[in-house]
Every structure is written in structure tokens, then in C-alpha cells.
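Student: Could you take me slowly through one helix of this protein and the partners it packs against? I would like a single connected account that I can follow with the structure in front of me.

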Amino acid sequence: MKFIRRRTLLLATVLTFALSPALAGSVFSGIDTDSDGTIDLNEAKAAASPVFDKLDADHDGTLNRAELRGRVPEQDWAIADPDNDKTLTKDEYLKYVEFAFKRADKDGDGTVDAKEARTHAGRLLLRLLRAP
Ligand SMILES: [Ca+2]
Ligand SMILES: [Ca+2]
Ligand SMILES: [Ca+2]
């Protein structure tokens with residue numbers, strides 16, 4: 001009994017951090033507002049903007065590491081935060097979304113399709129676009 005409960009808890013933790021395929025699908029379709037089956041850069045930025053506002057808990061117009069809750073991997077901070085002040089303005093966040101978008105667009109056709117969204121780079125992108 002105890003074992004099962006711990007497994008359930010572990011599974012819940014894994015799902016929260018990794019995005020289950022079903023959840024990733026619903027995140028994807030929420031961002032794909034013209035429903036053409038792909039995410040373009042405009043859709044990505046349109047999704048990212050309200051996410052930034054929601055994450056900015058103290059409403060100071062910037063996101064610090066605590067507010068970002070792991071959305072920006074450590075190795076990406078130099079790219080995401082070019083002025084190196086340890087916080088991201090909305091402009092920095094949206095530019096980083098653009099970087100993450102291009103990284104996820106493996107075939108360089110200007111859109112991220114469902115297959116690209118399932119790659120590591122794609123999941124990092126969705127993490128930036130997913131409402132908290
Ligand atoms: Ca689309
Ligand atoms: Ca900054
Ligand atoms: Ca593509």
C-alpha cells in the first residue's frame with residue numbers, strides 16, 4: 001500500500017515535469033490557434049506573452065529564476081539573459097522563445113510540427129509557452 005502510494009506520487013512528479021503525451025498534445029493545440037497542425041513563431045510569441053505575465057508573480061515586469069520555475073535550463077541562461085542581470089524582461093523572454101523556436105524547428109521550414117514538438121528542443125519550447 002505504502003509502496004503504491006509512493007509510486008503514484010513519483011508518477012505524478014514525473015508527469016508534472018515531463019509533460020505526458022496527452023497533455024503535450026493539448027498544450028500544442030492550444031498554441032496552434034489557426035489549427036493548421038503546426039506552431040509558427042507568431043503563435044509561439046502570442047502564447048508566451050500571457051505566460052510571462054502570469055509567471056511575474058510580483059508584477060515587477062521581470063522574471064527571476066524562482067518565478068521561472070525551471071523553464072529556462074541552466075545552460076541557456078547566457079542566451080536568455082544577455083544583459084546578465086539574472087532576470088528576464090518580457091523582451092528577453094520573447095527573444096528567448098524565438099531562439100527556442102528556431103532550435104525546435106529542426107527542418108527549418110518556419111514551423112514546429114507535432115513531431116518536432118516531441119523532441120527535447122520541442123519540449124523545452126512548449127515549457128515556455130504553457131500556461132502555469
Ligand atoms: Ca498554426
Ligand atoms: Ca536580463
Ligand atoms: Ca519545422
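Tutor: Let us begin with a crossing, in which helix α3 passes helix α6 with a right-handed sense. On the side of α3 this contact is made by L41, A44, K45, A48 and F52, and on the side of α6 by K90, Y93, L94, V97, E98 and F101. Sorted by class, the contact of α3 with α6 has eight nonpolar residues, no polar ones and three charged ones. Please keep in mind throughout that this is a predicted model.

To describe such a pair more fully we need two quantities, since two packed helices are described by the angle between their axes and the distance between the axes. For α3, which covers residues 41–55, and α6, the angle is about 140° and the axes are 10 Å apart. Because angles over 145 degrees are needed to count as roughly antiparallel, α3 is oblique to α6.

Now look at α6 by itself. The helix covers residues 90–104, and its 15 residues reach 21 Å from the first C-alpha to the last, which is close to the 21 Å expected at 1.5 Å a residue. Its buried residues are E92, Y93, Y96, V97, A100, F101 and A104. When you read that list, it helps to remember that an α-helix has 3.6 residues a turn, so residues three or four places apart point the same way.

The second partner to consider is helix α8, which covers residues 120–129 and packs against α6 at an angle of about 150°, with the axes 8 Å apart. That angle makes α6 roughly antiparallel to α8, and the crossing of these two helices is left-handed. Here V97, A100, F101, R103 and A104 of α6 meet A121, G122, L124, L125 and L128 of α8. By class, this contact of α6 with α8 has eight nonpolar residues, one polar and one charged. Notice that V97 and F101 belong to the contact with α3 and also to the contact with α8, while both are listed among the buried residues of α6.

Finally, we can set this helix in its surroundings. The protein contains eight helices and four strands, which follow one another along the sequence in the pattern α-α-β-α-β-α-α-β-α-β-α-α. Of its 132 residues, 26% count as buried, and among the contacts with a separation of 6 or more, 55% come from residues 24 or more positions apart.

Key. Residues numbered from 1 in each chain as written. Chains lettered and ligands numbered in written order. Predicted model: local features only at pLDDT ≥ 70, side-chain atom pairs only at ≥ 80, totals over all residues. Axes fitted to C-alpha atoms, helices over the stretch in contact; angles between N-to-C directions. Parallel < 35°, antiparallel > 145°, perpendicular 65-115°, else oblique. Left-handed = near helix turned anticlockwise from the far one by under 90°. Contact = placed C-beta atoms within 7 Å. Nonpolar A, V, L, I, M, F, W, Y, C, P; charged D, E, K, R; others polar. Expected span 1.5 Å × (residues − 1). Buried ≥ 20, exposed ≤ 12 C-beta atoms within 10 Å, placed from the backbone.
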